[in-house]
Structure formats: structure tokens, C-alpha cells
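Here is a brief report on one protein chain. It covers charged pairs, aromatic rings, one polar contact and the overall fold.

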Amino acid sequence: YYNWEPTLQFMKLKPKKIIFPYNDPLATAQGDKRTQGGYASIATVVNPRLKEGSLRVHQFLSNMQLAKSQVSTLLSGLLVRPGDHSWSACDWLLNNSDTWRAWIPSATQCGEGEGLIDDNGDFLTD
């Protein structure tokens, strides 16, 4: 079977990882399944115009990083209250503020062509 970690479906079962030898594409092509499968990349794709449309949202998403263990902790809330995604997310946010606060961009960080102005409407350089 295939297992993407972390996953709520197998969390209670606490599966053990079986590690096969590194992928051998030639052997696999000949039907030899004694090595690991090929590697897959998991990537996030967003609207390419997000940065120009909402710089702060773009910066927030760019700063966002979660370790596998943090995602597991987030998902484990669904074991406490199955199906209650809002409760699980809220519980995680309340208990991990040091993590998500680091994602929030500085209020004074400006994009190209933007900036802070004084009372006269002149851009501030310092």
C-alpha cells in the first residue's frame, strides 16, 4: 500500500516504516520490486499574480513552514474530536503561536513601488 506521512487514517495504527534498498530503475523496469519506488516531489502551486495582488498574503505563505511532526500534531486533534477540523486548527493555533507568528510579515515591509509616507505624503527612507 502507499502511505503519505503524516496521515490521519493510519495515526492510531502507528505503522512502522519498511526501508528497501535505493531505487534501481533498471531492475524496476524488468519487474524486480525489491528496491524502493521512484521519488515523487510534492509541490504547491499558486496563482503567479498573488505577489502583485496581495503582497502580504504572498509573504505569509512564503514564510509558512511546517515540519512533519507539526502536521501530525495538527492532525491528531481530529483523533480527539473526529471531523471537527475547526477545533483541531484552533487548538493547534493556540498551542503553537511561536510557529505561526513567525510567518506574519512585518507591517513595515513594503513591496516594490510601495512604502511608508510621512504626514506630507513623502516616502520615508529610514
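## Salt bridges

Asp 84 is partly exposed, with a relative accessible area of 23%. In this predicted model, Asp 84 forms a salt bridge with Arg 81. The closest N and O atoms of that bridge are 3.2 Å apart. Arg 81 is also partly exposed, at 37% relative accessible area.

The structure holds two salt bridges. Another joins Arg 34 to Asp 32, with the closest N and O atoms 2.9 Å apart. Here the partners fall into separate classes of exposure. Arg 34 is exposed, with a relative accessible area of 62%. Asp 32 is partly exposed, with 22%. The limit for buried is under 20%, so Asp 32, at 22%, does not count as buried.

## Aromatic pairs

Two aromatic pairs turn up in a search of the whole structure. One is formed by Phe 60 and Trp 103. Their ring centres are 5.9 Å apart and their planes stand at 80 degrees, so this pair is edge-to-face. The edge-to-face class requires an angle over 60 degrees. The pair links distant parts of the chain. Phe 60 sits in helix 4, residues 55–63. Trp 103 sits in the segment after helix 7, the helix of residues 97–101. In sequence, the two residues are 43 apart.

Phe 60 has 28% relative accessibility and so counts as partly exposed. Trp 103 has 6% and counts as buried. How are the rings of Trp 92 and Trp 103 arranged? Their centres lie 6.2 Å apart and their planes are at 20 degrees, so the pair is stacked. Trp 92 belongs to helix 6, residues 85–95, and Trp 103 to the segment after helix 7, so the pair ties together parts 11 residues apart in sequence. Trp 92 is buried too, with a relative accessible area of 7%.

## The ring cluster

Which residues do the ring pairs link into a cluster? They are Phe 60, Trp 92 and Trp 103. Trp 103 takes part in the edge-to-face pair with Phe 60 and in the stacked pair with Trp 92. Within the cluster, Trp 92 is buried and Trp 103 is buried, whereas Phe 60 is partly exposed.

## Thr 99 and its contacts

Thr 99 lies in helix 7. Its side chain makes a polar contact of 3.1 Å with the side chain of Gln 70. What else does Thr 99 touch, leaving aside its neighbours within four places in sequence? Its contacts are Gln 65, Leu 66, Gln 70 and Trp 92. Gln 70 thus appears both in the contact list and as the polar partner. Trp 92 is in that list and also belongs to the ring cluster.

## The chain as a whole

The protein chain has seven helices and zero strands. From the N terminus on, its elements run α-α-α-α-α-α-α. Among these helices are helix 4, which holds Phe 60, helix 6, which holds Trp 92, and helix 7, which holds Thr 99.

Of the 126 residues, 13% count as buried. Trp 92 and Trp 103 are among the buried residues. The accessible surface comes to about 10700 Å². Carbon and sulfur atoms account for 55% of that surface. Among contacts with a separation of 6 or more, 43% are between residues 24 or more positions apart. The pair of Phe 60 and Trp 103 spans 43 residues.

Definitions and conventions. Residues numbered from 1 in each chain as written. Predicted model: local features only at pLDDT ≥ 70, side-chain atom pairs only at ≥ 80, totals over all residues. Heavy atoms only, no water. Phe/Tyr/Trp six-rings, centres within 6.5 Å; stacked < 30°, edge-to-face > 60°. Helix = DSSP H or I, 4+ residues; strand = E, 2+ residues; numbered from the N terminus. Buried < 20%, exposed > 50% of the residue type's maximum accessible area, 1.4 Å probe, protein only. Polar contact = N/O pair within 3.5 Å; in protein donor to acceptor, adjacent residues only side chain to side chain. Contact = heavy atoms within 4.5 Å. Salt bridge = Lys/Arg side-chain N within 4 Å of Asp/Glu carboxyl O. Areas by Shrake-Rupley, 256 points an atom, 1.4 Å probe, with all protein chains shown as cover.
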